[in-house]
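Me: Got a minute to go through a structure with me? I'd like to ask about a few spots as they come up.

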Amino acid sequence: MAQEDKFKNVLSHAKEYGFVFQSSEIYDGLSAVYDYAQNGVELKNNIRNYWWKAMVQLHENIVGIDAAILMHPTTWKASGHVDAFNDPLIDNLDSKKRYRADVLIEDYCAKIEAKINKEITKASKRFGDAFNRDEFVSTNPRVLGYQEKIDTILKRLGKSLSDENLADVKALIEELEISDPLSGSKNWTDVKQFNLMFGTKLGASADNTTDLYLRPETAQGIFVNFLNVQKTGRMKIPFGIAQTGKAFRNEIVARQFIFRMREFEQMEMQFFVKPGTQKEWYEKWKENRMKWHLSLGLGKDNYRFHDHDKLAHYADAAADIEFKFPFGFKELEGIHSRTDFDLKAHEEFSGKKLQYFDHEENKSYVPYVVETSIGLDRMFLAVFSKALEDETLENGSTRTVLKLPAVLAPTKAAILPLVKKDGLPEIAKKIVADLQWDFNIAYDEKDAVGRRYRRQDALGTPFCITVDHDTLTDNTVTIRYRDTMDQQRVAIKDLKNIIDQEVSFKHWLQKIG
Ligand code: GAP
């Protein structure tokens with residue numbers, strides 16, 4: 001299926017099966033703002049809990065907090081967001097549309113990358129089993145030419161952005177003859193910087209208000225609480241503080257569904273380390289976070305690291321974990337070595353010391369920080385889009401199945417009485433009443449059982465448990481597995497264990513080691 005069609009399927013499935021709705025849809029929606037529906041909120045909560053378990057509860061030296069969205073406005077001066085949290089914008093004078101200049105250039109490179117992929121597909125068809133992808137990519141002159149062009153463009157873009165040379169960004173757009181994707185016009189304005197923070201006001205009367213910002217990242221709530229947590233938790237370096245919560249950005253290019261939203265949720269962890277050890281911890285967290293992703297079994301080939309050429313104002317090293325979304329490889333998570341930039345800046349702006357007394361070294365210092373930062377909504381999209389399959393069955397029919405990792409599935413099991421009579425619904429409801437203490441369980445008695453199986457497949461429910469007439473005499477039920485569609489007869493008393501083994505955090509997370 002073409003990438004575009006796959007993505008359209010993801011969008012319509014998310015809506016039709018109660019995962020994600022456009023915000024305020026009855027008023028024609030609000031651009032790049034979304035609501036999670038009855039199944040979406042369960043999946044989102046499960047992803048958040050999977051992260052929290054792995055990052056906080058399974059690490060003795062990491063604790064969690066939940067800081068407020070509204071913070072003292074000086075926070076954002078200190079963090080650099082007031083001065084430097086900008087996107088380079090360009091307007092097209094004919095279409096009157098506004099674009100992110102860097103995204104126009106990156107999209108241009110993505111088109112060259114598509115050409116590389118075409119060459120690879122052609123060659124793999126030609127050579128069959130003998131095809132060696134790595135060798136082809138590193139020797140084929142056409143592929144090498146394309147790759148060199150991408151590298152040169154991105155290097156120049158990175159340099160122009162970090163030098164704040166916006167004239168060169170425009171020059172690059174003109175040299176590459178990039179046109180407005182909608183109108184085809186090349187009539188561009190100069191490139192300008194645009195601050196992404198949403199402003200709001202605190203106070204009741206017009207002449208007595210304070211300008212505030214909705215936080216654009218959760219990280220600053222951790223930095224300003226660093227000493228409170230360190231002291232009250234008696235934390236010893238190295239240690240981490242984690243939190244999940246909403247962040248807000250006035251994104252210019254708000255598209256690709258929940259990939260780039262104006263209100264979204266982050267799961268961030270700041271790891272405080274001794275100065276000089278940050279490189280080692282940066283590598284460790286890169287490895288650990290990749291293992292967390294791989295533990296979900298979505299396929300190793302769907303992830304890759306992308307080391308940054310252009311570093312944010314606070315970082316001395318940074319990498320993205322990219323995921324293969326239906327629209328190509330894009331950033332899913334960032335791992336940043338943030339140096340002592342934030343704590344030092346908050347010291348300077350607040351006039352308070354934010355230092356750690358190291359008993360082993362017998363001295364105080366401002367710790368360095370390695371951050372892991374993942375968008376919960378992006379993780380949702382990654383899992384959801386990868387899981388959605390239109391599968392052709394042996395008899396030629398197709399089924400739509402959401403092969404979510406069982407640990408994340410919104411509903412773990414659906415209990416289905418074969419018919420709506422003969423005491424079967426009563427037994428089914430008793431099973432629900434027992435299992436719902438441990439798992440999110442659904443009950444469904446409408447339609448033929450085959451249709452009910454299909455409905456649960458589309459919702460990603462890993463187990464369907466059918467109560468039939470044999471259940472009345474032998475206390476057994478049929479358990480059907482979503483992915484294989486295999487069916488097995490099991491005792492009702494064993495259900496809890498069977499489900500637990502497949503959906504428990506332990507089963508999935510112990511792979512990380
Ligand atoms: N504290 C560091 C920080 O915020 P970032 O790379 O700007 O770094 C981290 O954001 C993660 O947050 C990204 O990797 C992405 O998953 C998510 N994210 C950022 N902007 C987003 C948006 N507009 N919509 C959805 N997720 C977003």
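Me: Which residue lies over the face of Phe305?
Reply: That's Lys286, at 4.9 Å from the ring centre. Keep in mind that this is a predicted model.

Me: And what lies over the face of Trp281?
Reply: Lys284 does, and there the distance to the ring centre is 4.3 Å.

Me: OK, rings then. How many aromatic pairs are there?
Reply: The count comes to 24. Take Tyr34 and Phe257: their ring centres are 5.1 Å apart and the planes sit at 80 degrees, so that pair is edge-to-face.

Me: Where do Tyr34 and Phe257 lie?
Reply: Tyr34 is in strand β2 (residues 34–36), while Phe257 is in the loop between β9 (239–248) and β10 (263–273). The pair therefore ties together parts that are 223 residues apart in sequence.

Me: Are those two buried or exposed?
Reply: Both Tyr34 and Phe257 are buried.

Me: What about Phe226 and Phe239, stacked or edge-to-face?
Reply: Stacked, with 6.1 Å centre to centre and 10 degrees between the planes. Phe226 belongs to helix α10 (residues 226–232) and Phe239 to strand β9, so this pair links parts 13 residues apart in sequence. Phe226 and Phe239 are buried too.

Me: Which residues form an aromatic cluster with Phe7?
Reply: Phe259, Tyr303, Phe323, Phe325 and Phe327 join Phe7 in one cluster.

Me: Switching to the ligand. How many residues surround it, and which are the closest?
Reply: There are 21 around the ligand, and the closest are Glu217, Glu251, Met261, Glu268 and Glu331.

Me: Which ligand atoms do Glu268 and Glu331 sit by?
Reply: A polar side-chain atom of Glu268 is 2.5 Å from a nitrogen atom of the ligand. For Glu331, a polar side-chain atom is 2.5 Å from a ligand oxygen atom. Arg338 also has a polar side-chain atom 3.4 Å from a nitrogen atom of the ligand.

Me: How much of the ligand does the protein bury?
Reply: 93% of the 560 Å² that the ligand exposes when taken alone.

Me: Which elements give two or more residues to the shell around the ligand?
Reply: β10, β13 (328–339) and β16 (368–375). β13 gives the most, with six residues.

Me: Last topic, cysteines. How many disulfides does the structure hold?
Reply: Zero.

Me: And Cys109 and Cys464, buried or exposed?
Reply: Cys109 has a relative accessible area of 4%, so it counts as buried. Cys464 is buried as well, at 1% relative accessibility.

Technical notes:
Residues numbered from 1 in each chain as written. Predicted model: local features only at pLDDT ≥ 70, side-chain atom pairs only at ≥ 80, totals over all residues. Heavy atoms only, no water. Disulfide = S-S within 2.5 Å. Buried < 20%, exposed > 50% of the residue type's maximum accessible area, 1.4 Å probe, protein only. Phe/Tyr/Trp six-rings, centres within 6.5 Å; stacked < 30°, edge-to-face > 60°. Helix = DSSP H or I, 4+ residues; strand = E, 2+ residues; numbered from the N terminus. Lys NZ or Arg CZ within 6 Å of the ring centre and 35° of its normal. Near = heavy atom within 4 Å. Polar contact = N/O pair within 3.5 Å; in protein donor to acceptor, adjacent residues only side chain to side chain. Areas by Shrake-Rupley, 256 points an atom, 1.4 Å probe, with all protein chains shown as cover.
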